[in-house]
Amino acid sequence: MLKKGSTLNSILTGTCPKCHEESMYVEKNPYKLNTLYKMHETCSHCKTRYQIEPSFFYGAMYVGYGLTVAIGIAIFVTLNVIFNVAVLPTFISIIVGIVLLTPVTSRIARNIYINMFIHYDKDWKQKL
């Protein structure tokens, strides 16, 4: 289990980057596509505002692109290099893997991006 207070904990669980007390997302399941990007405006515990500025999460698209490329490379190396699968099935697997993991990578990209700007504060209760 990840330690509360670590950035990795906030990234993988989607919790508030400042207090790690609650999920930033209205719906925790990323595969409910109609609520994939629906977030609370603020954390109900520490009052951190998630949308720091208008269009803040557009920058997360670059992080998502990097994650998608990393997933594609990982699938390629696993199938083609390690298991010697032919090229065409490998590329089909890459496309299927990327499409199936898109909701997860989109959320993780947002989590990484917001954690670049807001950091855990163990003394957040005293600052309210």
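**Figure 1. Overall fold of the protein chain, with three helices and zero strands.** The coordinates are those of a predicted model. Read from the N terminus, the order of elements is α-α-α. Helix α1 covers residues 7–13 and helix α2 covers residues 60–82, while helix α3 takes in residues 87–117. Along the principal axes, the C-alpha atoms occupy a box of roughly 60 × 30 × 20 Å. Of the contacts between residues at least 6 apart in sequence, 58% link residues at least 24 apart.

**Figure 2. Surface and charge of the protein chain.** The exposed area is about 8,200 Å², and 65% of this area comes from carbon and sulfur atoms. The chain has 128 residues, of which 37% are buried. There are 13 positive and 7 negative side chains. The centres of these two sets of charges are 3 Å apart.

**Figure 3. Close-up of His20, in the loop between α1 and α2.** The backbone of His20 has a phi near 60°, which is a positive value in a residue other than glycine. For comparison, most residues other than glycine have a negative phi. His20 counts as buried because its relative accessibility is 7%, and the cut-off for buried is under 20%.

**Figure 4. Close-up of Lys47, in the loop between α1 and α2.** Lys47 is not a glycine, yet its phi is positive, at about 65°. The relative accessible area of Lys47 is 53%; the residue is therefore classed as exposed, for which the cut-off is over 50%. Is Lys47 buried or exposed? With the value just given, Lys47 is exposed, whereas His20 is buried.

**Figure 5. Close-up of Ile112 in helix α3.** Ile112 has a relative accessibility of 22% and so counts as partly exposed, since this value lies between the cut-offs of 20% and 50%. Leaving aside neighbours within four places in sequence, the residues in contact with Ile112 are Ile11, Val63 and Leu67. Ile11 falls within the span of helix α1 (7–13), and Val63 and Leu67 fall within that of helix α2 (60–82).

**Figure 6. Close-up of the pair Ile112 and Leu8.** In sequence, Ile112 and Leu8 are separated by 104 residues. In space, the distance between their C-alpha atoms is 8.7 Å. Leu8 belongs to the span of helix α1 (7–13), and Ile112 to helix α3 (residues 87–117).

How values were computed. Residues are numbered from 1 along each chain as its sequence is written. This is a predicted model: local features need pLDDT of at least 70, side-chain atom pairs count only at pLDDT 80 or more; totals for chains, interfaces and linings use all residues. Side-chain values use heavy atoms; hydrogens and water are left out. Helices (H or I, at least four residues) and strands (E, at least two) are DSSP runs, numbered from the N terminus. Buried means under 20% relative accessible area, exposed over 50%, partly exposed in between (1.4 Å probe, protein chains only). Contact means heavy atoms within 4.5 Å. Accessible areas come from the Shrake-Rupley method with a 1.4 Å probe; for residues, only the protein chains shown count as cover. Lys and Arg count as positive and Asp and Glu as negative; His and the chain ends are not counted. The place of a charge is taken as NZ of Lys, CZ of Arg, CG of Asp or CD of Glu.
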